[in-house]
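Work through the exercises below with the coordinates open. Each task is followed by a solution in steps.

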Amino acid sequence: MNTLIDSIIRGGWPGNQELPLKEAALLPIEYVNAVVEDEVHRIDGIQRDKHKVNLLLRSLARNEATTASNKKLKSDVKGVDDEDIDINTIATYLDIFDRLFLTENQEPFSSNIRSSMRVKQAEKRHFTDPSLACALIRATPEKLIGDLNTLGFLFEALCERDLRIYAESFGAKLYHYQDYAGREIDAVIELDDGDWCAFEIKLGANKIDEGAESLNRIREKIAGDGGRPPKICCVICGLSNAAYQREDGVYVVPITTLKN
């Protein structure tokens with residue numbers, strides 16, 4: 001658990017890998033500060049409300065790895081910080097964050113399923129590195145151990161960051177899946193030939209069965225509808241030491257396996 005938390009807070013910054021964690025945690029904080037103080041203005045020369053920029057960034061951090069809508073972000077700012085931010089301002093700032101490569105959302109997947117299932121089109125929200133979300137919510141190992149829900153979303157973001165990097169290295173793309181029946185797949189990798197693989201991401205080994213059963217239900221539903229089911233179903237686990245294939249065909253792999 002401590003190693004995972006260290007990796008999430010430290011992030012993928014090359015210069016951060018050998019530093020003590022407390023020092024490493026300062027880099028994403030200072031990066032965010034530099035963006036707010038300088039880059040948001042420099043991108044188009046327009047002065048913007050730095051306080052509201054920070055409010056929105058903190059809301060995005062609280063909603064990391066979710067499909068929160070702009071309205072949800074507005075409501076979150078009001079509920080947590082007791083301040084209002086205009087919905088058009090949110091849209092403008094989100095576009096700026098994207099242009100500054102501060103955020104990189106996960107697009108919805110549906111193009112190659114060819115099923116009658118209606119698929120939602122919301123993007124999953126991500127910072128380009130989960131350490132940025134940690135910096136904005138001032139996450140520490142002690143706080144994350146005491147808040148496993150937040151840790152779970154940040155672990156999901158860590159896995160999806162790495163899956164995106166590996167997928168793009170061989171010309172594949174990373175998506176996520178949600179339909180209107182409440183079925184979800186955390187991560188989908190689509191290959192050039194249209195084949196795709198489905199991944200559920202679970203922090204604890206006690207959630208492996210749940211993830212595998214969810215993948216199998218979706219695979220069976222898509223196939224039953226005449227669609228194109230995933231070639232491979234896989235549960236990525238944070239607290240698991242061995243990679244194996246279950247009797248139902250679902251692979252289970254620890255996050256450390258991704259590097260290979």
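A salt bridge is a side-chain nitrogen of Lys or Arg within 4 Å of a carboxyl oxygen of Asp or Glu. The model is predicted: local features need pLDDT of at least 70, side-chain atom pairs count only at pLDDT 80 or more, and totals for chains, interfaces and linings use all residues. Residues are numbered from 1 along each chain as its sequence is written, and side-chain values use heavy atoms, with hydrogens and water left out.

**Exercise 1. Salt bridges**

Task: Find the closest N and O atoms of Arg228 and Asp195, and place both residues in the chain.

Solution.
- Step 1. Arg228 and Asp195 form a salt bridge, with 2.7 Å between the closest N and O atoms.
- Step 2. This pair links distant parts of the chain, 33 residues apart: Arg228 is in the loop between α10 (208-224) and β5 (232-237), and Asp195 in the loop between β3 (184-190) and β4 (196-202). Helices (H or I, at least four residues) and strands (E, at least two) are DSSP runs, numbered from the N terminus.
- Step 3. Accessibility is classed as buried under 20% relative accessible area, exposed over 50% and partly exposed in between (1.4 Å probe, protein chains only). Arg228 counts as partly exposed because its relative accessibility is 23%, and Asp195 counts as buried because its value is 16%.
- Step 4. Elsewhere, salt bridges with shared partners join Arg58, Arg62, Asp76 and Asp81 into one network.

Task: State how many salt bridges the structure holds, then describe the pair Glu37 and Lys50.

Solution.
- Step 1. The structure holds 25 salt bridges.
- Step 2. In one of them, the side chains of Glu37 and Lys50 meet at 3.0 Å, N to O. Glu37 belongs to helix α3 and Lys50 to helix α4, 13 residues apart, so the pair links distant parts of the chain.
- Step 3. Glu37 has a relative accessible area of 49% and is therefore partly exposed; Lys50, at 34%, is partly exposed too.
- Step 4. Arg161 and Asp162 also meet in a salt bridge, at 3.0 Å from N to O. Asp162 counts as buried at 16% relative accessibility, and Arg161 is buried with a relative accessible area of 16%.

**Exercise 2. A buried arginine**

Task: Which side chain of opposite charge is nearest to Arg125, and what does the side chain of Arg125 reach?

Solution.
- Step 1. Arg125 is found in the loop between β1 (107-108) and α7 (130-137).
- Step 2. Lys and Arg count as positive and Asp and Glu as negative, while His and the chain ends are not counted. On this basis the nearest side chain of opposite charge is that of Glu123, 6.0 Å away; Arg125 is buried yet has no salt bridge.
- Step 3. The side chain of Arg125 reaches the backbone oxygen of Ala68 at 2.6 Å. A polar contact is a pair of N or O atoms within 3.5 Å; within protein, one must be able to donate a hydrogen and the other to accept it, and residues adjacent in sequence count only if both atoms are side-chain atoms.
- Step 4. Contact means heavy atoms within 4.5 Å. Beyond its neighbours within four places in sequence, Arg125 is in contact with residues including Leu60, Asn63, Ala68, Leu73 and Leu94.
- Step 5. Leu73 lies in helix α5 (residues 70-81) and counts as buried at 0% relative accessibility. Not counting residues up to four places away in sequence, Leu73 touches Leu60, Asn63, Ala68, Leu94 and Arg125, among others.

**Exercise 3. Aromatic pairs**

Task: How many aromatic pairs does a search of the whole structure find?

Solution.
- Step 1. Rings of Phe, Tyr and Trp (its six-membered ring) pair if their centres lie within 6.5 Å; planes under 30 degrees apart count as stacked, over 60 as edge-to-face and the rest as tilted. The search finds three pairs.
- Step 2. The ring centres of Trp13 and Tyr31 are 5.1 Å apart and the planes stand at 55 degrees, so this pair is tilted. Trp13 is in the loop between α1 (2-10) and α2 (21-24), and Tyr31 is in helix α3 (residues 26-42), 18 residues apart.
- Step 3. Phe109 and Tyr175 form a tilted pair, 5.5 Å centre to centre with 45 degrees between the planes. Phe109 lies in the loop between β1 and α7 and Tyr175 in strand β2 (residues 173-178), so the pair ties together parts 66 residues apart in sequence.
- Step 4. Phe109 and Tyr175 are both buried, and with Trp196 they form one aromatic cluster.
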